[in-house]
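The following note sets out, point by point, what may be read from the structure shown here. It is intended to be followed with the model open alongside.

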Amino acid sequence: VDMGAYESPSPAITSITTPPEGTVVTWASFTGAQYAVYGSTNLADGFDILLQDAIPAMPPGNVFTDTVSGVTLRGYAVDFTP
């Protein structure tokens with residue numbers, strides 16, 4: 001099966017932590033890739049909030065910190081960007 005230009009599924013989130021400065025999302029990273037982080041406050045709506053895009057790869061793992069205040073529960077997804 002041809003999965004497109006990246007030949008791999010979306011990056012897997014390896015950890016989510018909540019220190020006082022925000023929610024920290026970590027995932028495995030690969031040289032040459034760029035990523036986008038999406039959020040959701042209602043998983044039934046999908047990951048419809050683009051939090052940041054054009055994040056360059058920082059192997060072996062990338063980190064994104066969500067510093068938006070007032071959001072008590074959010075789901076996260078990471079995807080490749082062209």
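1. A strand, as the word is used in this note, is a DSSP run of type E with at least two residues, and strands are numbered from the N terminus. Under that usage, Ile49 belongs to strand E4. The reader should bear in mind that the model is predicted.

2. Overall composition. The protein chain contains six strands and zero helices. Read from the N terminus, its elements follow the pattern β-β-β-β-β-β. Of the 82 residues in the protein chain, 32% are buried. Among contacts with a separation of 6 or more, 59% join residues that stand 24 or more positions apart.

3. The sheet E1-E2-E5. These three strands form an open sheet in the order E1-E2-E5, and their pairing is antiparallel. Its edge strands are E1 (13–17) and E5, each of which pairs on one side only. On average, neighbouring strands of this sheet are turned by 15 degrees against each other, direction ignored. As a general matter, strands of a sheet pair through backbone hydrogen bonds, in either a parallel or an antiparallel sense.

4. Pairing around E2. Four bridges join E1 and E2 in the antiparallel sense; Ile13 has Trp27 in E2 as its bridge partner, and Ser15 has Thr26 in E2. The two strands make a hairpin with five residues between them, and in its turn Gly22 has a positive phi of about 150 degrees. E2 and E5 are also antiparallel, with six bridges, and the bridge partner of Val24 in E5 is Thr65. Why may E2 be described as largely enclosed by the rest of the structure? Five of its six residues are buried, so E2 merits that description.

5. The sheet E4-E3-E6. A second group of three strands makes an open sheet with the order E4-E3-E6, again with antiparallel pairing. E4 (49–56) and E6 occupy the edges with a single partner strand each, so each has one side without a neighbour in the sheet. The average turn between neighbouring strands here is 20 degrees, direction ignored. E3 and E6 are paired in the antiparallel sense over six bridges, and Ala36 is found opposite Asp79 in E6.

6. Ile49 in its setting. Is Ile49 in E4 buried, partly exposed or exposed? Its relative accessibility is 30%; because the partly exposed class lies between 20% and 50%, Ile49 is placed there. Leaving aside neighbours within four places in sequence, Ile49 is in contact with Val37, Tyr38, Gly39, Ser40, Thr41 and Arg74. Ile49 and Ala77 are 28 residues apart in sequence, and their C-alpha atoms are 9.9 Å apart in space.

7. The nonpolar core. Which residues make up the largest nonpolar core? It has eleven residues in all: Val25, Trp27, Ala33, Tyr35, Val37, Ile55, Ala57, Phe64, Tyr76, Val78 and Phe80. The elements giving two or more residues to this core are E2 (23–28), E3 (34–40) and E6 (75–80). E6 gives the most, with three residues.

8. A buried polar residue, Asn62. This residue lies in E5 (residues 61–66). Its relative accessible area is 2%; because buried means under 20%, Asn62 falls in that class. A polar atom of the Asn62 side chain lies 2.9 Å from the backbone oxygen of Pro56. Residues up to four places away in sequence not counted, Asn62 touches Val25, Thr26, Trp27, Ser29, Tyr35, Ile55, Pro56 and Ala57.

9. The salt bridge. How many salt bridges does the count give? The count comes to one salt bridge. The side chains of Arg74 and Asp66 form a salt bridge, with an N to O distance of 3.3 Å. Are these two residues buried or exposed? Both Arg74 and Asp66 are buried. Arg74 is also among the contacts of Ile49 described above.

Methods:
Residues numbered from 1 in each chain as written. Predicted model: local features only at pLDDT ≥ 70, side-chain atom pairs only at ≥ 80, totals over all residues. Heavy atoms only, no water. Salt bridge = Lys/Arg side-chain N within 4 Å of Asp/Glu carboxyl O. Buried < 20%, exposed > 50% of the residue type's maximum accessible area, 1.4 Å probe, protein only. Polar contact = N/O pair within 3.5 Å; in protein donor to acceptor, adjacent residues only side chain to side chain. Contact = heavy atoms within 4.5 Å. Core = buried A, V, L, I, M, F, W, Y, C linked by side-chain atoms within 4.5 Å. Pairing = 2+ DSSP bridges. Axes fitted to C-alpha atoms, helices over the stretch in contact; angles between N-to-C directions.
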